Amino acid sequence: MSIKDFFAGIFFIGIAGYFTFELVSDMSLLFTDSTTLWQYFVAFFRIALIIFLFNLGLTFIKKFFVGNTQKKGNAR
């Protein structure tokens, strides 16, 4: 349970929020007739990156509040 875990979680959620803002602000440019397959791939990669960073941030915040996230004892 470290304060660094909490701030790391906030940092990664903030980065995910920034990438979400950038993706949404350029969304009108994505669906035009001249959109290439490469642009769709980049948009998909951005969405995957946003999901990854958000989950990473939540994991760090959970680690801060719960402590160690590994199970102890018999996991049956």
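This report describes the helices of a predicted protein model, how two of them pack, and which residues are buried.

**Overall make-up and confidence**

The protein contains three helices and zero strands. Along the sequence, its elements follow the pattern α-α-α. The mean pLDDT of the protein is 83, and 84% of the residues score at least 70. Among the elements, α1 has the highest mean pLDDT, at 90, while helix α2, covering residues 27–30, has the lowest, at 73.

**Helices α1 and α3**

Helix α1 runs over residues 3–25, and its reach of 33 Å from first to last C-alpha is close to the 33 Å expected at 1.5 Å a residue. For α3, which has 30 residues, the end C-alpha atoms lie 43 Å apart, and this agrees with the 44 Å that the helix should span at 1.5 Å a residue. The table sets out these values together with the buried residues of each helix.

| Helix | Number of residues | End-to-end C-alpha distance | Expected span | Buried residues |
|---|---|---|---|---|
| α1 | 23 residues | 33 Å | 33 Å | D5, A8, G9, A16 and L23 |
| α3 | 30 residues | 43 Å | 44 Å | A43, I50, L53, G57, I61 and F64 |

At the start of α1, there is a contact between a side chain and the backbone: a side-chain oxygen of S2 comes to within 3.1 Å of the backbone nitrogen of K4.

**Packing of the two helices**

Helix α1 packs with helix α3, residues 37–66, at an angle of about 160 degrees, and the two axes are 7 Å apart. Angles over 145 degrees count as roughly antiparallel, and α1 and α3 are therefore roughly antiparallel to each other. The crossing of α1 past α3 is left-handed.

**Buried residues**

Of the 76 residues in the protein, 18% are buried. In α1, the buried residues include A8, G9 and A16. In α3, I50, L53 and G57 are among them. In general, an α-helix has 3.6 residues a turn, so residues three or four places apart point the same way.

One of the buried residues of α1 is D5. The cut-off for a buried residue is a relative accessible area under 20%, and D5, at 12% relative accessibility, therefore counts as buried. The C-alpha atom of D5 is separated by 8.9 Å from that of T59, although the two residues are 54 residues apart along the chain.

Definitions and conventions
Residues numbered from 1 in each chain as written. Predicted model: local features only at pLDDT ≥ 70, side-chain atom pairs only at ≥ 80, totals over all residues. Heavy atoms only, no water. Helix = DSSP H or I, 4+ residues; strand = E, 2+ residues; numbered from the N terminus. Expected span 1.5 Å × (residues − 1). Buried < 20%, exposed > 50% of the residue type's maximum accessible area, 1.4 Å probe, protein only. Polar contact = N/O pair within 3.5 Å; in protein donor to acceptor, adjacent residues only side chain to side chain. pLDDT = per-residue confidence, 0-100. Axes fitted to C-alpha atoms, helices over the stretch in contact; angles between N-to-C directions. Parallel < 35°, antiparallel > 145°, perpendicular 65-115°, else oblique. Left-handed = near helix turned anticlockwise from the far one by under 90°.
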